[in-house]
Amino acid sequence: MSRRAVPPPSASEPLAQQAERFRHDLIRTLGHDPRGVVLCAVSGGPDSMAMLTLAATAFPGHIHAATVDHRLRADAAAEAAMVAGHCARLGVPHATLVPVEPIAGASIQAAARQVRYALLAGYARTIDAGALATAHHIDDQAETFLMRAARGSGIAGLAGVRPRTMSGTVTVIRPLLEWRRAELRAIVRRAEVPFVDDPSNHDPAHDRTRFRRLLDANEWLGPPQIARSAAALAEADEDVRAIVEWLWTTRASVAGGTVRIDVAGLPRELTRRLARRAIGLVIDTAGIAAPKWSESANVEPLLDALATGRRATQAGVVVSPHATEWRFRPAPARRPA
């Protein structure tokens, strides 16, 4: 039986105006009008429930929702059921997604995030969604910027949460990156939308919680201003990426499992990015499984060694400087003792 879509509760003029603002922001972030349905990732918190409310009003009949139950908290199933119930009242199709294997690892939050995006992207493909929308906002962006600054991140890290990214073949959009947490909470309260506060958001064991408290206690650390800095760095990062892409096509060559790059006259940031790309390519081509490689791995000692004419190894890849050329190839297997 088909369900008749109904407007969210208390669809007053202010909500209609906010929904029009959301509609504009989503289209701008996506780059075009949505093709097909938009899948909203809805945890049940006030931010994602506000996004659901705005999306259902702005794009009636074109919104689906999904909630991931990570099976990490006893209350998660009831929260997913709450979201499903509210979606039924809105006429929005909803799915609860559960990981096949228990989530584990040194960083549970990082592992949960990876699983969450994999589940959401998989479901988006299943329903042929035109985009997957998440509820990241200005305050999230400011927290991310400060967290990464405290870790010494470079341009790419400080650029923070991007408005549009890809998860496999699925376009992920963040249409609320110019909205404040307080105004999203006001939307759900005014519309009498149910929501839950995840207790992990108040756990000081998590970095994000500590930086959230720092921002709350220091009004002079303006989240909108910090978010604008992140946006400016994201733009700069895109420009640098374009330059690196051009340099790769003009200065890099790949043959016989070896990557050669002419680094003559290049500044460190560009050699850093070219080196990361070359290492990743050699690892993928040679099938090197260990040691573990990450795009965020520290390559500064490698660059220091190459700058002084010394050979160095990173993640199973040996890099040798030859005049202005760096050569990347799989490190030879160690001889048994």
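A residue is called buried here when its relative accessible area is under 20%, and exposed when that area is over 50%. By this criterion, buried residues account for 45% of the 337 residues in the protein chain, a figure that, like everything below, is computed from a predicted model.

The overall dimensions can be set out before the interior is entered. Along the principal axes, the C-alpha atoms of the protein chain fill a box of roughly 70 × 45 × 40 Å, and the chain contains 11 helices and 11 strands. Of the contacts that link residues at least 6 apart in sequence, 68% join residues at least 24 apart. The surface exposed by the protein chain comes to about 17600 Å², of which carbon and sulfur atoms supply 53%. The chain carries 42 positive and 34 negative charges, and the mean positions of these two sets are 6 Å apart.

From the surface the description passes to the interior. In soluble globular proteins, nonpolar side chains tend to be buried together. In this model the largest nonpolar core has 36 residues, and those with the most contacts inside it are F22, M49, L52, L54, I63, V92 and L176. At least two residues of this core come from each of several elements, including the helices α1 (13–30), α2 (46–58), α3 (76–90) and α7 (181–190), and the strands β1 (38–41), β2 (63–68) and β4 (131–133). Helix α2 provides the largest share, with 8 residues. A second core, separate from this one, has 30 residues, among them V259, L274, A278 and L306.

The start of α2 also leads to an annotated stretch of the chain. The UniProt record, an unreviewed entry, places the feature "binding site" at S43, G44, G45, P46, D47 and S48. Within this stretch, G45 lies in the loop between β1 and α2, whereas P46 belongs to helix α2. G45 has a relative accessible area of 14% and therefore counts as buried; P46, at 8% relative accessibility, is likewise buried. Setting aside neighbours within four places in sequence, G45 is in contact with F195 and V196, and P46 touches L184, R185, V188, F195, V196 and D197.

V196 also leads to helix α3, where E79 is found. With the same kind of neighbours left out, E79 touches R73 and V196. This glutamate is counted as buried because its relative accessible area is 11%, below the cut-off of 20%.

Another of the annotated positions, D47, opens the way to helix α7, in which R181 is found. Apart from neighbours within four places in sequence, R181 is in contact with D47, H137, D139, D140, E143 and R212. Its relative accessibility is 18%, so R181 too counts as buried.

Finally, the loop between β6 (170–173) and α7 holds E178. Beyond its neighbours within four places in sequence, E178 is in contact with R21, R28, I138 and E183. The C-alpha atoms of E178 and R228 are separated by 9.4 Å, although these residues are 50 residues apart along the chain.

Note on methods
Residues numbered from 1 in each chain as written. Predicted model: local features only at pLDDT ≥ 70, side-chain atom pairs only at ≥ 80, totals over all residues. Heavy atoms only, no water. Helix = DSSP H or I, 4+ residues; strand = E, 2+ residues; numbered from the N terminus. Buried < 20%, exposed > 50% of the residue type's maximum accessible area, 1.4 Å probe, protein only. Contact = heavy atoms within 4.5 Å. Areas by Shrake-Rupley, 256 points an atom, 1.4 Å probe, with all protein chains shown as cover. Lys, Arg positive; Asp, Glu negative; His and termini not counted. Charge placed at Lys NZ, Arg CZ, Asp CG, Glu CD. Core = buried A, V, L, I, M, F, W, Y, C linked by side-chain atoms within 4.5 Å. UniProt positions renumbered as here; feature names shortened; annotations may be inferred.
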